[in-house]
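Q: I have this one open on my screen and would like a close look at a single part of it, a strand of your choosing. Start with its surroundings and pairing, then follow the salt bridges outward and finish with helix packing and a few backbone oddities.

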Amino acid sequence: MLEGINKIGDLEWEVPVGYVPDMRVPGRFFLSRALAETLEEGAVRQLANVATLPGIVKHSLAMPDIHWGYGFPIGGVAAFDRTEGVISPGGVGFDINCGVRLITTPLTEADLAGKKRELIEALFSVVPTGVGARSAMRVSNKELTDIMVNGARWTVERGLGTPEDLVRCEEEGAMPGADPDAVSAKARQRGMPQIGTLGAGNHFLEIQVAREIVDPEAASVFGIAEGQICFMVHCGSRGLGHQVATDHLRILENALGKYQIRLPDRQLACAPIDSPEGRAYYGGMACAANYAWANRQVIMHEARKAFAQVFGIDYDEMRLIYDVAHNVAKFEHHDVDGASMEVCVHRKGATRAFGPQAPGIPREYAAVGQPVLIPGSMGTSSYLLHGTATAMQKTWGSTCHGAGRVLSRSKAKKAIRGRELREHLAQEGILVRAHRDSVLAEEAPEVYKPSHEVVRVVHEAGLSGIVARLEPLGVIKG
């Protein structure tokens, strides 16, 4: 472990005030000894830098998938006082509301025998993938405005889903406060042809089997059983979200002098939450987040139709368990020293994990807490978990979002051959479809921390509880 960091629990570490100049609060992160071998000094310094921001409350936090990012470390969480704090695109990321949804089917693994390749090809044909992928679905500028305000509801109202889908989305698929005027013409231009597309990088559509049920009670509440075939969608706000982040970063960098904000790293560019610049960024970010929920809804709709076509099952038999967001800043009420306080929680590569009876989660899940989805990487397991009261107390109701990279994409392409990886995965019964084998090398299982160890840490630290382990059977990569 790095010098100057204190161990304060079996899996909990503290970065003390003074680790970098001007820290207002300590940093806290959750990590096992095994994962500590991959801890980057730069990521810890970013965690400490976040603790210098005005209005930060209690701690700067990071989850066990912590790694170096833009401004905040990926896996970073921070809450800011509603009146005295700031909002920062570096605490959200460029892929605004990159998120995950998990859908169950009435199928078992035996039902896939002899049809898995057909299913993969059917899914690949209806879900556009890759850099710059364009959708067959065309939306006008006015329709795009509606999508940015209404999110997944816009798609459901057009028959691309069911009303129950909205109940099982974080924020019911649409954040309040979206301001289409805060989205540039260039961002709109990038977003109009991409609704319903998967994108590239670590985004995927994966066929999975629920291999192990760890918490039968929660599994019953969520509606998942051992041996059940599911599919998982992981993607975000595409070019629109990236452009929103780029545009507002430039504005906020220019506003630092206006508000006399000193930063250890300009990637933390920010503005007071209630300033014109802060409000504009939040409004644009909410638009991108809502676009992402609509995007995942369209992809799920097309995937449901493909499953129905290949297996002759009913559309309504495929049930959304939940949709969680990763990269957002949201206004939430949390307990601070015994009093309810409204704060702006930034989750950068971190997932909301609200516990039992918490506001904002579906009534049907209230007894066990919010579903939490932690994806693996092609050849590794994904996990369904539930939120906890401990997360509400320690991490603003937050947990990890994935495994966390240990190898950059450029290094991965030099070290790994995509074709060999695809053939190796096929031997293990995992069919992979992508436009280029080089994409597979960038996202190989070995370029990530082991998902089982990351999930073990949040489970044993009490930040979320394991419900089920899911294994991949087929994957579509961007």
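A: What follows starts from one strand and works outward. Keep in mind that this is a predicted model.

Let's take strand β7, which spans residues 99-108. Of its 10 residues, 8 are buried, so the rest of the structure largely encloses this strand. β7 has strand partners to look at too. With β9 (residues 228-235), β7 pairs in the antiparallel sense, over 7 bridges. If you want a spot to click on, go to I103, whose bridge partner in β9 is F231. β7 also pairs with β11 (residues 319-325), again running antiparallel, and here 6 bridges do the joining. On that side, T104 stands opposite R319 of β11. While you're looking along the strand, remember that side chains in a regular strand alternate between the two faces of the sheet.

The link between β7 and β11 isn't just backbone, either. R101 makes a salt bridge with D323, and their closest N and O atoms sit 2.7 Å apart. R101 belongs to β7 and D323 to β11, so to speak of distant parts of the chain is fair: the two are 222 residues apart. What makes this pair worth a zoom is that R101 and D323 are both buried. In general, side chains of opposite charge can pair when their charged atoms come close.

How many salt bridges are there in the model? The count comes to 26. Another one to follow is E212 with R469, whose closest N and O atoms are 3.1 Å apart. E212 lies in strand β8 (residues 204-213) and R469 in strand β19 (residues 464-477), so this pair ties together parts of the chain that are 257 residues apart in sequence. The two ends sit in unlike surroundings: E212 is partly exposed, at 36% relative accessible area, whereas R469 is buried, at 18%. That 18% falls under the 20% cut-off, so R469 makes it into the buried class. Nor does this pair stand alone, as E109, R211, E212, R469 and E471 are linked in a network of salt bridges.

For a short-range pair, hop over to helix α15 (residues 451-460). There R456 and E453 form a salt bridge, with 2.8 Å between the closest N and O atoms. Both residues lie in α15, 3 residues apart, or about one turn of the helix. That spacing fits the general picture: an α-helix has 3.6 residues a turn, so residues three or four places apart point the same way. R456 is partly exposed at 28% relative accessibility, while E453 is buried at 11%. E453 has buried company in α15, namely S451, V454, V455, V457 and V458. Just after the helix comes G462, with a positive phi near 85°.

Now for the helix packing, where α10 (residues 276-311) is the one to select. Its axis and that of α4 (residues 141-150) come within 6 Å and cross at roughly 95°, so α4 is roughly perpendicular to α10. On the α4 side, the contact uses L144, I147, M148 and V149, and these meet A286, C287, N290, Y291 and A294 of α10. By class, that contact has 8 nonpolar residues, 1 polar and no charged.

α9 (residues 238-255) meets α10 at another angle: the axes come within 9 Å and cross at roughly 170°, which means that α9 is roughly antiparallel to α10. From α9 the contact takes R238, L240, G241, V244, H248, I251, L252 and A255, and from α10 it takes E277, A280, Y281, G284, M285, A288, Y291 and N295. These divide into 10 nonpolar, 4 polar and 2 charged residues. Notice that Y291 turns up in the contact with α4 and again in the contact with α9.

Last, the backbone oddities. D22 has a positive phi, near 75°, though it is not a glycine. D22 sits in the loop between β2 (12-15) and β3 (27-30) and is exposed, with 52% relative accessible area. E171 is another non-glycine with a positive phi, about 60°. Look for E171 in the loop between α6 (163-167) and α7 (185-191), where it counts as partly exposed at 29% relative accessibility.

Conventions:
Residues are numbered from 1 along each chain as its sequence is written. This is a predicted model: local features need pLDDT of at least 70, side-chain atom pairs count only at pLDDT 80 or more; totals for chains, interfaces and linings use all residues. Side-chain values use heavy atoms; hydrogens and water are left out. Axes are lines fitted to C-alpha atoms, for helices over the stretch in contact, and angles run from 0 to 180 degrees between N-to-C directions. Helices (H or I, at least four residues) and strands (E, at least two) are DSSP runs, numbered from the N terminus. Angles under 35 degrees count as roughly parallel, over 145 as roughly antiparallel, 65 to 115 as roughly perpendicular and the rest as oblique. Contact means heavy atoms within 4.5 Å. Ala, Val, Leu, Ile, Met, Phe, Trp, Tyr, Cys and Pro count as nonpolar, Asp, Glu, Lys and Arg as charged, and the others, Gly among them, as polar. Buried means under 20% relative accessible area, exposed over 50%, partly exposed in between (1.4 Å probe, protein chains only). Two strands pair if DSSP finds at least two bridges between them. A salt bridge is a side-chain nitrogen of Lys or Arg within 4 Å of a carboxyl oxygen of Asp or Glu.
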